[in-house]
Amino acid sequence: SFIIQILFQLEQDFLKNYGIEIGPELVLDRSNAMATFVGGMVNYHLPYPYWVLVRSENFNKEQPFVAELNSLVLPWSSPMVLSEKAPEGVTIAQLFKTTQYGVKSNVDPGTPLLPDVTNKAISEGTPGHQTLGILVTKKNGEAPETQMIVISNASFLRNIFLQQFPENEVFMENAVDFFATGSQLIGIRSKGMLNQPIAIISD
């Protein structure tokens, strides 16, 4: 736990050089994926707002490696806080965000994040778009510009989530291609999407 805290602080200090901070809260959204919970002898398959489902309309259409994606699932993500003015030479482009129903929730360590807790957090939170992924570009004088992707979650690339949500793998493959070869061929892979989430409707 102590080592994790040190690593988290080093990460925060590094990102602050680019005008970025990862908030301490967790993000919930009415657009979310299903999760399985065990209750005695029964398994429950329920909507789980802590597993944010990024929808097609919430990807930045001006960024080629995410423009054609239909979905991405980010479990237990934190919100990003961006400086009003980026440091000199740094350009930040949003890649994806929650729907307008995204909320931030403070979570005490050790608190079970069960569905009934998430429903209460959504009803009590202030809804709005929450940034979850960005592309950072930095110019270094005469040297070639450098780029990096910052995502407020690392779990989405674990095997257990890649197996459940293949669209996460498509995003990562697109990102690797973007940095390795540019954006010319990105759209080819993006057409093979497996998830078509329906529109969010009122109660």
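This text follows the charged residues Arg-55, Glu-57 and Glu-167 and then turns to a pocket. The model is predicted, so local features need pLDDT of at least 70 and side-chain atom pairs pLDDT 80 or more, while totals for chains, interfaces and linings use all residues. Residues are numbered from 1 along each chain as its sequence is written, and side-chain values use heavy atoms, without hydrogens and water.

Side chains of opposite charge can pair when their charged atoms come close. A search of the whole structure finds one salt bridge, defined as a side-chain nitrogen of Lys or Arg within 4 Å of a carboxyl oxygen of Asp or Glu. Its partners are Arg-55 and Glu-57, with the closest N and O atoms 3.3 Å apart. Arg-55 is buried, at a relative accessible area of 6%, whereas Glu-57 is exposed, at 54%; buried means under 20%, exposed over 50% and partly exposed in between, with a 1.4 Å probe and protein chains only.

Glu-167 lies in helix H5, residues 166–181 (helices are DSSP runs of H or I, at least four residues, numbered from the N terminus). Glu-167 is buried but has no salt bridge. The nearest side chain of opposite charge is that of Arg-55, 11 Å away (Lys and Arg count as positive, Asp and Glu as negative; His and the chain ends are not counted).

Arg-55 also belongs to the lining of the second largest pocket, where Arg-30, Arg-55, Ile-198, Ala-199 and Ile-200 lie nearest the centre among ten lining residues. A pocket is an open set of points on a 1 Å grid over the protein atoms alone, where a 1.4 Å probe fits, with protein on both sides within 12 Å along at least five of seven lines; lining residues have an atom within 4 Å of a point.

Terms used: Helices (H or I, at least four residues) and strands (E, at least two) are DSSP runs, numbered from the N terminus.
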